[in-house]
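Let's work through a protein together, one small exercise at a time. Keep the structure in view and try each task before reading its solution.

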Amino acid sequence: MISRRSLIASAAGMTGALAFGARAADKPAPMVVYDDELKNGWQNWSWATVELSVPAGQVKPIKVEGGAWSALALHHDPFSTAGYTKLTFFINGGLDGGQSLAVKLKTGDKMIDSNAIMAPLKPKMWQPAEINLKDIGGVNTTIDTVLFQGQADAYKPYYITKIQFE
């Protein structure tokens, strides 16, 4: 026979499990932008020299090179960033490194104001990167483009892969 105390404890445990499940369900699955190729309807709208799926060992990153203010621009149909808190990716400065990039978001023809400039990239080294969406004006808004924009000088090739919103 089940005691009343056991029944109450069991019900409390189920309520906690249901509440945890509801919180986990509120968070969307990662939105993969690029992982060896463009994913989930993302397209290349760049105004830099871009080569997709470049063989580089175990990965096929995007190779980007450009003039002043050129950008890797990845476009998608408008979507809400609700539930996402960060943009993550892996980046490599190529043979020379030193590239300085601004990470920006865009909606329609409007650039979202942001001052998120990454530290100069290290040469010949893959680095994980995480950009908080608060830092680039991307919290609970609708966007359609993510940009990695060079600054006032031309830049040598860098590589980027595993780009996603989390």
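A residue counts as buried when its relative accessible area is under 20%, as exposed when it is over 50%, and as partly exposed in between. Keep in mind that this is a predicted model.

**Exercise 1. Getting an overview**

Task: Find out how many helices and strands the protein has, and in what order they run.

Solution:
- Start by counting: there is one helix, and there are eleven strands.
- Next, walk along the chain from the N terminus: the order is α-β-β-β-β-β-β-β-β-β-β-β.
- Now look at burial: of the 166 residues, 37% count as buried.
- Finally, consider the contacts between residues at least 6 apart in sequence: 77% of them join residues at least 24 apart.

**Exercise 2. Reading an open sheet**

Task: Work out the strand order of the five-stranded open sheet and name its edge strands.

Solution:
- The order is 2-5-10-7-8, with antiparallel pairing.
- The edges are strand 2 (43-44) and strand 8 (110-111), each of which pairs on one side only.
- Move to strand 10 and look at one partner: strand 5 pairs with strand 10 in the antiparallel sense over seven bridges. Here L74 stands opposite V146 of strand 10.
- Look at the other partner: strand 7 runs antiparallel to strand 10 and is joined to it by six bridges.
- Last, check how covered strand 10 is: eight of its nine residues are buried.

**Exercise 3. Buried or partly exposed?**

Task: Decide whether T88 and K106 are buried or partly exposed.

Solution:
- T88 is found in strand 6. Its relative accessibility is 11%, so T88 counts as buried.
- K106 lies in strand 7. With a relative accessible area of 22%, K106 is partly exposed.
- Add the surroundings of T88: leaving aside neighbours within four places in sequence, T88 is in contact with A129, E130, K162, I163, Q164 and E166. The T88 side chain also makes a polar contact with the side chain of E166 (2.7 Å).
- Do the same for K106: it stands opposite T145 in strand 10. Beyond neighbours within four places in sequence, K106 is in contact with M111, I112, I143, D144, T145 and L147.

**Exercise 4. Exploring the core**

Task: Find how many residues make up the largest nonpolar core, and which strand supplies the largest share.

Solution:
- Begin with a general idea: nonpolar side chains in soluble globular proteins tend to be buried together.
- In this model, the largest nonpolar core has 33 residues. Those with the most contacts inside it are L87, F89, F148, Y158, I160, I163 and F165.
- Trace where the core residues come from: among the strands that each supply at least two are strand 1 (31-34), strand 6 (86-92) and strand 10 (142-150).
- The largest share, five residues, comes from strand 11.
- Zoom in on I160: apart from neighbours within four places in sequence, I160 is in contact with Y34, P61, I62, L72, F89, F90, I91, W126 and F148.

**Exercise 5. Following the charges**

Task: Count the salt bridges, then ask which parts of the chain the D35 and K162 pair ties together.

Solution:
- The count is five salt bridges.
- In one of them, the side chains of D35 and K162 meet, at 2.9 Å from N to O. D35 lies in the loop between strand 1 and strand 2 while K162 lies in strand 11, so this pair ties together parts that are 127 residues apart in sequence.
- Check their accessibility: D35 is partly exposed at 27%, and K162 is partly exposed at 33%.
- Turn to another pair: the side chains of E166 and K86 meet in a salt bridge at 3.8 Å, N to O. This pair also links distant parts of the chain, with E166 in the segment after strand 11 and K86 in strand 6, 80 residues apart.
- To finish, follow the shared partners: salt bridges join K86, E130 and E166 into one network.

Terms used: Residues numbered from 1 in each chain as written. Predicted model: local features only at pLDDT ≥ 70, side-chain atom pairs only at ≥ 80, totals over all residues. Heavy atoms only, no water. Core = buried A, V, L, I, M, F, W, Y, C linked by side-chain atoms within 4.5 Å. Buried < 20%, exposed > 50% of the residue type's maximum accessible area, 1.4 Å probe, protein only. Helix = DSSP H or I, 4+ residues; strand = E, 2+ residues; numbered from the N terminus. Contact = heavy atoms within 4.5 Å. Pairing = 2+ DSSP bridges. Polar contact = N/O pair within 3.5 Å; in protein donor to acceptor, adjacent residues only side chain to side chain. Salt bridge = Lys/Arg side-chain N within 4 Å of Asp/Glu carboxyl O.
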